[in-house]
Structure formats: structure tokens, C-alpha cells
Amino acid sequence: MNWNIETHHLGKNFGKVIAVNDLSLKVAEGEIYAFLGLNGAGKTTTIRMLLAMIKPTNGSASVLETEIRMGCRRPWSDVGYSVEIPYAYPELTVQENLEIARRLHPHTSKAQVKRTIEKFGLEEYAQRRAGTLSQGNAQRLGLAKAMLHNPKLLILDEPANGLDPAGIVEVRELLLDMAHNHGVTVLMSSHILAEVSRMADRIGIIHKGNLLQELNAAALEANRQKRLIIRTHDNEKAAVLLESSGLWTDRLPDSSVVCAHPECVNRPDQIAEKLVQAGLPPLHLAVEEENLEEYFLRLVGMKAQ
Amino acid sequence: MENFLNMLWVETLKVRKSRIPWMVGLGFMILPLMCTFLFFVYKNPALSQQLGIVGAKANLVVGDVSWPAYFKILKEAFAIGGFLIVCLMLAWVFGREFMDHTVKDILAVPVPRADILAAKFVVVAVWYIVVVGIFYPFCLLMGSLIQLPGLTPDLLLQESLSLLLIATLNILVTLPFAFLASIGGGIMLPIGIAILILIIDNLAAVIGYGNYFPWAIPGMLSQGEPLTTVSLVIVLTTALAGIAATYLWWRYADQSR
């Protein structure tokens, strides 16, 4: 397998602060890998190390099979990136900003600027100064600059930031198309967990500089906690009934009974039968799965403890 | 070469489209206007009396209404003003990338950082040549308008060369300000240091070390001191150190802004 990003025990300290600690990861060609983490978790520092903007304190990184060193010239002709909030030269127009990006990637054709403007729906704003753009359009311009030269690898820090719902869908579809139909590798960081779960082939959860877990969609599915939510006309009695059978329960704020016991989760039909036999027919009975946000918070919380 | 030319195009576009270089260049034209005004006041005793403190200042500064006196004041003002505007321009061209948060866009690119930096230095130098190219004829025009006596071809040639030398020294000694703008991440640090240097310049000149303090050397020249070999070596070393420090910082320092 071709690994387009590889890090080995990568670490960065800023004085006594450990920003990234012993990070080893691999991202395969054509894969969408998402970094998930709270603010200050070390996502942007990792991205900056991968882009040779900051020097690692420990370990090494290679991008597109090139070992990354400060100030190196390769492999940037095949890498597109956007770090933190995208900025542009405010007094220059959208088209001029893209022309600058084109000249920073000398083998990009002039026609590519026009194509990119169309691709990102920026035609209306092409002659407008970048300083006057809305946050969403500034984000589009940032993504357009990153993708202008048709890179093999995209490193995007919070690509959906500031975009409206339609923009989020557009970017998601664009990235999925690039990755799955054109073999472009995408490493992205995001706070928008729903986006991550819809797009990423693999997710790396980073917390306080440490990579806590890497998981793909199947592993996420397997790791997610499931629970049975039960509502009857006497929830108190229903809870006592289940607990008397050795099934531990909890209560939701609306007084619904929650049971995470495997017997409840795997055989809700038997629980329903039990409730009916006790004269407590369920008004609501549903197995709920923990979403990525809840899973992430649980994981971070557990490790934090 | 293709990379450098591309970067030169980019830097020229940025300078052309921004208001700062135009404002700084135009602001510099106040110098000959002020000098000419002082000479005009001095030439007209009635006006000088009427203007009070301005008239007194004109009497104190001018002393003699002639082209040699005009050139002398012009050179002294140019030594300081030229230094300040190049500082400002270098600080802006390098520091703006940090102020506008655009620096990260020019770091992980296939164009070598040396080409990006060289284009920035060249654009500042060309801008300065254009400003001086407008400034000097403007000074001559102003002097002619108030009909100063004593302009000879020899004097014109001698003073033009002298001004050219001061202009060259000015740009050479200001090159380290590109480094200051880079480490300071904007224009505040270089401008602050430039003001401090102007104070130290005077002190160095007063205690007799003006020829050894790089930033005082253009000023010493404007006051008629000859340019010694030692001074020239100091200026060139300062320029090279400025370029090297800027390059090394951009090449090797952590860029976390």
C-alpha cells in the first residue's frame, strides 16, 4: 500500500508545553483521514509539522514519500493545503489572489484559475476584493487556492468552517469525489463531527497532543455504545422490574428508562414481552446508538480521568 | 529564473494594488516642499517676520539663499527621510505577510523561499529608485521656482552623485529591517527600532563614532564627511547580515503564525 503521509513518533514541544506527543500515523493514497480533537489538541501543530512550517522536537514525517525538512522544496507541487482560517491579500481581487496561488505553483495553467473560480462558485466575486468577502466566500477562496493546482494530497484544517449548509454539502461532495474517483488523499481536521462521520474513511482522535485512537467506520460502529430507551405509563415501575432481573438502568431527564445492558440492547423484543407481562406495555421502545460526538466526548473524558 | 520572475510579478502586484507604497512615496515629497518653503520664507524678510516662529526657524536653518545651501539641507533631510521611508517599506513588504496572515500560503510551495525573499528585496529597491527618481527632479524644480542663485553644471553633478550615494547607503543599511519585520511579525518592531536608531545616530555623531555606526554613516556623508573604507565595509557588512539573517529566519525558524 502507498502511504501518502507517514509520521514516526512525531512530537513538538513549545517550551514546557507538549503540543504533540509521539504521534505515529499513516494515511493511504485516496483515503480521507480526519483528525478529531478539541481546541489545542495538537491538530494544527501536526498539520504545520507535515507542511514543514515548524520543526518537530522528536520523530519524523514523510509526505508523498518525501522526508519533510524545514524549507524543503519537495513535495509541495503535489500538495494543497489550508491552515486554520484561510486569509487572502485583502486589497487584491479573488482572481488576483488565485493568480498569485497559480504562480506559486509554476506548472499550473492560466486556464486553471478560471476553472477553479467556476468550480467553487466564485464567478460573481472574481473581481471583488478579497477583503470584502463574507466568511463563507473567504473559506471557498481558501479551498480554491488549495485545490487550484490539482494536488495529489490535500491537507485541510477545518475545511467546512464558515460555510453555509449548501456549501458544506458541496465541499463534502467535492472531497469525496476527489478521493474516491481521482485518488486524491485528504487529511483534514474538523470540529464538525457529523461531517467527519459522513466523509472520513478513518478517524484519528487526538487529545492533549496524544493520538488516542484511530478507527474506521466499522470500528466506530463496533465501539459505539448502544442503549435501549423505554417509556411506559409508569417508568418507575418499569425500572424496578428491569433491575429486579439484574438489568441495570438509568433515567433520562424526561424520566424515560435507559438500559445499556447487552440483554436489553440485543433482545429488545424480550424486554417488551417482559414489560407487557408485568402490565407495563411500552409506549416507546428504541435502541439508540451513541453518535460520534458522544463517542468522542466519552473517549476524551475517560482518558482525561 | 522563472520562479524569481513569477515572484517579482506577485510582489509588484501587491505593491501596485496597495495604498501604503503610494502614501509613503507621496509623503516623502513633503521634504522638498518644506525645504523650499523655508528658503522662500528666508528670502522674504517681511513674510519671515509675519510668520513668527516659522520665520525664526527659517533664519536658523537656512543661513544662505543659494543652491549649495539648498542642497546641503536637502541632503541632511534626505539622509533621515530616506532611511525612514525604506524602513517603512521593507517593514511593510515583509511584515504584511504576518499582519495579513498570508505567510502560511507562501511557505509550503515549490518556489524556493530565496526567490520569494529576493523578489521582495528587489521590489523595495525598485520602488525606492522610482521614489528617488521623482524626488530629485522635484527638488530641482522647487529650487528653480524660488529662483535660487549659484547653480553650475559642476555643482549639479557633484550634488547629484552625493545624493545618489546617500540613497544607496540608506537602502543598504536598512536591509536588516526585513529581518526585524519578519521576527516581529509586522511593522511595529522595525519602526520602533528605526526611531531608536535615529536617536543613537545623533549620539554616535556627537561623540565622534558616526563613521562606525552603520545607520549614522549616510547622515555623516550628508554633512560633508568623506566615505571611508571602514565605513563602506561596515555598511556592506550590515547589508549582507540583514539579507542573511532574513533568509535564515525564513528558511529555518518555526512559522507558527
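In the next few minutes I will walk through chain A, the place where chain B meets it, and the nonpolar cores.

Before that, please keep in mind that this is a predicted model, in which local features need pLDDT of at least 70, side-chain atom pairs count only at pLDDT 80 or more, and totals for chains, interfaces and linings use all residues. Residues are numbered from 1 along each chain as its sequence is written, while chains are lettered from A and ligands numbered from 1 in the order in which they are written.

Let me start with chain A, whose C-alpha atoms fill a box of roughly 75 × 45 × 35 Å along the principal axes. Its secondary structure comes to 11 helices and 14 strands, where helices (H or I, at least four residues) and strands (E, at least two) are DSSP runs numbered from the N terminus. The UniProt record, an unreviewed entry, places the feature "domain: ABC transporter" at residues 5-233 of chain A; such annotations may be inferred rather than shown by experiment. That span is 32% helix and 30% strand.

One sheet in chain A is open and has four strands in the order E2-E1-E4-E5, with antiparallel pairing, two strands being paired if DSSP finds at least two bridges between them. Strand E2 (17-28) and strand E5 (66-67) of chain A each have a single partner strand, so one side of each is left without a neighbour in the sheet. Strand E1 (residues 3-14) of chain A pairs with E2(A) over eight bridges, and A:Glu6 has A:Lys26 in E2(A) as its bridge partner.

Where, then, do the chains meet? In all, 27 residues of chain B are in contact with 27 residues of chain A, contact meaning that C-beta atoms, placed from the backbone, lie within 7 Å. On the chain B side, H1(B) gives the most, with eight residues.

Finally, the cores, each a set of buried Ala, Val, Leu, Ile, Met, Phe, Trp, Tyr and Cys residues joined through C-beta atoms within 7 Å; buried means that 20 or more other C-beta atoms lie within 10 Å of a residue's own, with C-beta atoms placed from the backbone. The largest nonpolar core has 146 residues, and among those that touch the most other members are A:Ala34 and B:Ala91. Helix H6 (residues 67-99) of chain B gives the most to this core, with 16 residues. Apart from this core lies another, of 11 residues, including A:Leu228 and A:Cys259.

How values were computed:
Buried ≥ 20, exposed ≤ 12 C-beta atoms within 10 Å, placed from the backbone. Contact = placed C-beta atoms within 7 Å.
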